[in-house]
Amino acid sequence: QPGGDVALTIDAALQARIAALMSAEAGLTTVQAFHNNKALPVGTTLPAAVVVLDVDSGDVLATVSTPVFTREQLRERPES
């Protein structure tokens, strides 16, 4: 409804912790040698997404997706 109030429910600390875990440095969203992946080389970034909901209230507590890119990067390489 136009002009209605919006209540944000994101938990900033939780969002930051999940973003840190999903960073390339943490290695959870990149191909690792132990994966024995024949299709992708070690170090390849894997797309991933996390949505954390409070099932009792329906609140969205965190949303994170990877890989992260800037608008400039998207403009320069739209196929990425």
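**Exercise 1. Work out the order of helices and strands along the chain, then place each element.**

Solution. Reading along the sequence, you get the pattern α-β-β-α. That makes 2 helices and 2 strands in the protein chain. Keep in mind that this is a predicted model. Now put residue ranges on the elements: helix α1 covers residues 12-21, β1 runs over 48-53, β2 takes up 60-66, and α2 spans 71-76.

**Exercise 2. Compare the overall dimensions of the chain with those of a compact globule.**

Solution. Start with the rule: for 80 residues, a compact globule would come out with a radius of gyration near 12 Å. The protein chain has 17 Å instead. Next, look at the box: along the principal axes, the C-alpha atoms fill roughly 50 × 35 × 20 Å. Then check burial, where 14% of the 80 residues count as buried. The exposed surface is about 6,500 Å², with 58% of it supplied by carbon and sulfur atoms. Finally, take the contacts with a separation of 6 or more: residues 24 or more positions apart account for 37% of them.

**Exercise 3. Find the largest nonpolar core and say which elements build it.**

Solution. Nonpolar side chains tend to be buried together in soluble globular proteins, so a buried nonpolar cluster is a sensible thing to look for. Here the largest nonpolar core has 5 residues, namely L14, I18, M22, A62 and V64. Both α1 and β2 put in at least two residues each. Now zoom in on I18: setting aside residues up to four places away in sequence, I18 touches V50, V52, A62 and V64.

For a helix-to-strand distance, try A16, which sits in α1. From its C-alpha to that of A62 is 8.7 Å, although 46 residues separate the two along the chain. Is A16 itself buried or exposed? Neither label fits, because its relative accessibility is 45%, which counts as partly exposed.

**Exercise 4. Describe T66 and the peptide bond that follows it.**

Solution. First, the location: T66 is part of strand β2. Second, the burial: T66 counts as buried because its relative accessibility is 12%, and the cut-off is under 20%. Third, the surroundings: beyond its neighbours within four places in sequence, T66 contacts M22, T29, L46, P47 and A48. One of these, M22, also belongs to the largest nonpolar core.

Fourth, the backbone: what is the geometry of the peptide bond from T66 to P67? This bond is cis, and omega is near 5°. P67 itself lies in the loop between β2 and α2.

**Exercise 5. Look at the loop between α1 and β1 and pick out its unusual backbone angle.**

Solution. Most residues other than glycine have a negative phi, and most peptide bonds are trans. Against that background, check N36, which lies in the loop between α1 and β1. N36 is not a glycine, yet its phi is positive, at about 50°. With 58% relative accessibility, N36 counts as exposed.

A33 is placed in the loop between α1 and β1 too. Its relative accessibility is 55%, so A33 counts as exposed. How far apart are the C-alpha atoms of A33 and V68? The answer is 23 Å, for a pair 35 residues apart along the chain.

**Exercise 6. Set sequence separation against distance in space for D56 and R71, then turn to charge.**

Solution. D56 is in the loop between β1 and β2, and counts as exposed because its relative accessibility is 76%. D56 and R71 are 15 residues apart in sequence, while their C-alpha atoms are 36 Å apart in space. Put that beside the A16 and A62 pair, with 46 residues along the chain and 8.7 Å between C-alpha atoms.

To finish, count charges: the protein chain has 5 positive and 9 negative side chains. The centres of these two sets lie 13 Å apart.

Notes
Residues numbered from 1 in each chain as written. Predicted model: local features only at pLDDT ≥ 70, side-chain atom pairs only at ≥ 80, totals over all residues. Heavy atoms only, no water. Helix = DSSP H or I, 4+ residues; strand = E, 2+ residues; numbered from the N terminus. Buried < 20%, exposed > 50% of the residue type's maximum accessible area, 1.4 Å probe, protein only. Core = buried A, V, L, I, M, F, W, Y, C linked by side-chain atoms within 4.5 Å. Contact = heavy atoms within 4.5 Å. Rg over C-alpha atoms; globule rule 2.2 N^0.38 Å. Areas by Shrake-Rupley, 256 points an atom, 1.4 Å probe, with all protein chains shown as cover. Lys, Arg positive; Asp, Glu negative; His and termini not counted. Charge placed at Lys NZ, Arg CZ, Asp CG, Glu CD.
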